[in-house]
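Reader: I would like a close look at a single helix and the aromatic rings around it. Could you take me through that part with care?

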Amino acid sequence: MLGKHLLSAADLTRDQALLILDTTSELAAVTDRSVKKLPTLRGRTVVNLFFEDSTRTRLSFELAAKRLSADVITFSAKGSSVSKGESLKDTALTLEAMGADAVIIRHGASGAPERLATAGWIDGAVLNAGDGTHEHPTQALLDAYTLRRHTRDGQGDLSGVRVVIVGDVLHSRVARSNVLLLQTLGADVTLVAPPTLLPVGVENWPCKVSYHLDDVLPDADAVMMLRVQAERMAGAYFPSTLEYSRMYGLDARRMALMSPDAIVMHPGPMNRGLEISADVADADRAVVVEQVANGVNVRMACLYLLLGGASSEGDGSQ
Ligand code: NCD
């Protein structure tokens, strides 16, 4: 059983994470059919509240909610002139008045989903769709699901699976959520980044750190490339883009160092030619498009378990 909200990968126990992945497998069987809809959330209202840009996450939450027959409203709040705190509260009160059963929030401020969940403005479930540089739990879940399909035949946990996460860890909520969830599922994670793009305190994260991509590639089962998040960089974090690509980019020469079965992942959007070359992005072993497809099913599973599954029955769960 899940809690009331999905705010952080850190909150998920191994059993809860496996429940989401197993539910995703069951729902994937439905979305493979020509009629993809389930009646589970009929009459429920799901609001997508996006204060930051998004393509994949917004579309896939919307599609996931629709496939479960919920009524879906998408609100893109970017560009609002109201100060963030006030605007979040006022928006939340409006959504509550409209009877939102779930609010999916993406916000530039780390902690905004937590505030929405705990301030008492709304009664519904809150799902974090990415908050600042903090967390992006459904991305980590769809990555875990993708990894499980490729390394574990879609069963059980990820114990012993070796995952290398490369690039702009400092600004990446995807990296943080992945490290936390992959550790919970038993995977062995190595971060590779220039020292300037590693967060303070990374030595306390449950993973290894390396500065040499070529050294760690041969042993990896999966290599996850991170987008260089130029919009979050006020200063210079590396000498030039050419230098970055040379040291930390994945190109065909480097991909050849990987084991033949190892996969290449990227959460998107990709900077082709910067952290990943175009030929690698389009290679057979790059599973970027599959990650997007899995994202819809993972988000269906999350909505199903939070709103329509066992956790909504009886005790008004925690
Ligand atoms: C990521 C995000 O927004 O955190 N994208 C996504 O959700 N698929 C990663 C990124 O923007 O680099």
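Author: What follows describes one helix, its two faces and its aromatic neighbours. The model is predicted, with local features needing pLDDT of at least 70 and side-chain atom pairs counting only at pLDDT 80 or more, while totals for chains, interfaces and linings use all residues. Residues are numbered from 1 along each chain as its sequence is written, and side-chain values use heavy atoms, with hydrogens and water left out.

Helix α8 spans residues 241–248 (helices are DSSP runs of H or I with at least four residues, strands are runs of E with at least two, and both are numbered from the N terminus). Its residues Tyr244, Ser245 and Tyr248 are buried, where buried means under 20% relative accessible area, exposed over 50% and partly exposed in between, for a 1.4 Å probe and protein chains only. These three lie on the same side of α8 because they cover an arc of only 105 degrees around the axis, taken from the directions from the helix axis to the C-beta atoms. Leu242 and Arg246, which are exposed, sit on the face turned away from that buried side.

The buried residues of α8 pack against β5 (162–166), β6 (188–192), α7 (213–216), β8 (222–225) and α9 (252–255), contact meaning heavy atoms within 4.5 Å.

Turning to the rings, Phe238, Tyr244 and Tyr248 form one aromatic cluster; rings of Phe, Tyr and Trp (its six-membered ring) pair if their centres lie within 6.5 Å, with planes under 30 degrees apart counted as stacked, over 60 as edge-to-face and the rest as tilted. The count comes to two aromatic pairs. Phe238 and Tyr244 form a tilted pair, 4.8 Å centre to centre with 40 degrees between the planes. The ring centres of Tyr244 and Tyr248 are 5.9 Å apart and their planes stand at 40 degrees, so this pair is tilted. Tyr244 and Tyr248 are four residues apart in α8, and are therefore separated by about one helical turn. Phe238 is buried with a relative accessible area of 17%, and Tyr244 is buried with 1%.
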